[in-house]
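Let's take a walk through this protein together, with the model open beside the text. We will begin at a single residue and then look at packing and at empty space.

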Amino acid sequence: MMLGLMQNQPLLISSLIEFAERHHGDAEIVSRRVEGDLHRYTYKDAAHRSRQVANALDGLKLGFSDRVATLAWNGYRHLELYYGVSGSGRVLHTINPRLHPDQIAWIAKHAEDQVLCFDLSFLPLVQAVHGKCPTIKHYIALCEPDRLPADSGIPNLQSYESWIGAKSADYVWPSFDENTASSMCYTSGTTGNPKAALYSHRSTLLHAYAAALPDVMCLSARDSILPVVPMFHVNAWGIPYSAALTGAKLVFPGPAMDGKSVYELIEAEKVTYAAGVPTVWQMLLTHMKPAGLKFSTLKRTVIGGSACPPAMIHAFQEDYGVEVLHAWGMTEMSPLGTLCTLKNKHLALPAQEQMKIRLKQGRSIYGVDMKIVDPSGKELPWDGKTFGDLYVKGPWILREYYKGEGGDPLIDGWFPTGDVATIDADGYMQITDRSKDVIKSGGEWISSIDVENIAVAHPAVAMAACIGVAHPKWDERPVIAVVKKPGMDVTRDELIKFYDGKIAKWQIPDDVVFVEAIPMGATGKMLKTKLRELLRDYKLPL
Ligand code: AMP
């Protein structure tokens, strides 16, 4: 064997911020803060403060691979934690603040988080959960010391600015195995407790390289990027990393994701490129249309996380001249799997034909292999008609969940996505359904099983099945079909009230439909496909 004679440098997250500091030091990072104002600084400043974060973590005596959790919006301090935590060899655990407090406490304990850094908007949440988080020793509020709440009741609470402000920015990023864990994100599966995807430095860097490619997100030093997709969910689709890799300007929306705020930020910061779930873009378009507003700089937007409605692709393209890139992925895939861009041979097609392609979830990115299979595992043809279970594999796709939860998820080395799809002869994949029954509301998952479990806990309920029903704003909202116990009664409003305090408000079903029976399959499982057919003419009360 003859080895290549090229330098062997591990792919580490710290190299991204070092690169951005050295080669794009004056490129801007603009953030809307929880305080409401706009904060501006540069990659040079971000690199400086990330090193202060690393020193501050050393000061807490945190060990290698110890977990540091965040409950934070998209903003510059969160970015510094992305680099300071992972760069110094610790693991960044971004927690989704929209989860129920009990779930948050559960995952913080499961991850064995030692530090929790949070935006002040989440103070009441932290006050509610800190007593149930035995592993967390340090609480850091992402604010100036003068905004630190007095008598918060949270032990060892410090302000981020005094915590890092006291530290030196002299810090040499350590070198270690690129397979070391860098960050983690919990996904709420359909059964049992949430499971975590544990990303590595290597998987994150390969994903960041791929994300920047022209046929993927096409990011460059000429872009001004607005990730509306949250940094608390799958690392904002890797944008905090790919932006540093390309030297693109970053614009963070903070907590203000309503149409008016997003529009004003896009215009003020000359945003060329934005990324988010359909719900956010729906709010933006709803704000713009009646006022006759137009974009002056926005050129492209990536829409994914749930299926992008065709009307939205049309509106962006035809009314506003913005190219929509439909994307598909999942937490277990870092998350990018496919993006929809045309091929050379499609350029001569009439606009209508091109649009048909654009509506699909797209082609595989190099680094993600995919196939569709039948229930016996046999690979199905790529004819655009035959649908099957979608399997994927590649270097930024999960091999195993954190702590081995749920056993070995792979089948012959492939990760079964739980999605059902077709693939056409050109390799364009289209999701036709989900084999899992989770409900996607505003880009977030609602576990139908959680919703059902609460309903069946009501004394008058014999059986319950929860399905997602299309909603113009939230994509889908949960509706629960209920069979009452003989001789017992419960009203719609009583049952909805029964959910109070048991799950997060936005996970509570919008409506209850009383049915005689829920269709059952041969193995004693509820047949939700059949139920959806039965409720085909049902309309949500809006
Ligand atoms: P998550 O792990 O929360 O990011 O959710 C991943 C799941 O969201 C996928 O398995 C799909 O079911 C769904 N999903 C993501 N993107 C799309 C899309 N563009 N179209 C349809 N479903 C999508």
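**Starting from one leucine**

Leu398 is buried, because its relative accessible area is 8%, and buried here means under 20%. Please keep in mind that this model is a predicted one. To find Leu398, go to the loop that runs between strand S18 (387-393) and strand S19 (415-423).

What does Leu398 touch, once residues up to four places away in sequence are set aside? Its partners are Ala196, Ala197, Glu332, Pro409, Leu410 and Phe415. For a sense of scale, pick Gly36 as a second landmark: the C-alpha atoms of Leu398 and Gly36 are 38 Å apart in space, while 362 residues separate the two in sequence.

Now let's turn to how side chains are packed. In soluble globular proteins, nonpolar side chains tend to be buried together. In this model, the largest nonpolar core has 144 residues, and the members that touch the most others are Phe118, Trp281 and Phe295. Helix H2 (residues 43-59) provides the largest share of this core, with seven residues. Both domain 1 (10-249) and domain 2 (257-435) contribute to this core, with at least three residues from each.

Phe118 is a good place to zoom in. Leaving out neighbours within four places in sequence, Phe118 is in contact with Leu71, Leu123, Val126, Tyr139, Ile140, Ala141, Leu142, Ile154 and Leu157. Apart from the largest core lies another one, made of 19 residues, including Cys466, Val482, Leu495 and Tyr499.

From packed side chains we move on to the gaps. Rolling a probe the size of a water molecule over the atoms shows where empty space is left. How many cavities of 30 Å³ or more turn up when the whole structure is searched? The search finds two.

The largest cavity has a volume of about 130 Å³. Its lining consists of 16 residues, and those nearest the centre are Arg33, Gly75, Tyr76, Arg77 and Asp119. At least two lining residues come from each of strand S1 (28-32) and helix H3 (76-87), and H3 gives the most, with three. Sorted by class, this lining has six nonpolar, five polar and five charged residues.

The second largest cavity holds about 40 Å³ of space. You can trace its lining by selecting Thr204, His207, Asn235, Gly238, Tyr241 and Ser334. Which classes do these lining residues of the second largest cavity fall into? One is nonpolar and five are polar, with no charged residue in the lining.

Our last stop is an open space, the second largest pocket, with a volume of about 490 Å³. Of the 20 residues that line this pocket, Leu198, Tyr199, Ser200, Arg399 and Glu400 lie nearest its centre. Strand S9 (195-200) and helix H7 (201-212) each supply at least two residues of the lining, and S9 gives the most, with four.

The lining of this pocket contains 10 nonpolar, five polar and five charged residues. Where do the lining residues of the second largest pocket come from in terms of domains? At least three are drawn from each of domain 1 (10-249) and domain 2 (257-435).

Conventions
Residues numbered from 1 in each chain as written. Predicted model: local features only at pLDDT ≥ 70, side-chain atom pairs only at ≥ 80, totals over all residues. Heavy atoms only, no water. 1 Å grid on protein atoms, 1.4 Å probe; cavity = no way out; pocket = protein on both sides within 12 Å on 5 of 7 lines; lining within 4 Å. Points joined across faces, edges and corners; volume = space filled by probe spheres on them. Nonpolar A, V, L, I, M, F, W, Y, C, P; charged D, E, K, R; others polar. Domains from an automatic or database assignment. Core = buried A, V, L, I, M, F, W, Y, C linked by side-chain atoms within 4.5 Å. Buried < 20%, exposed > 50% of the residue type's maximum accessible area, 1.4 Å probe, protein only. Contact = heavy atoms within 4.5 Å.
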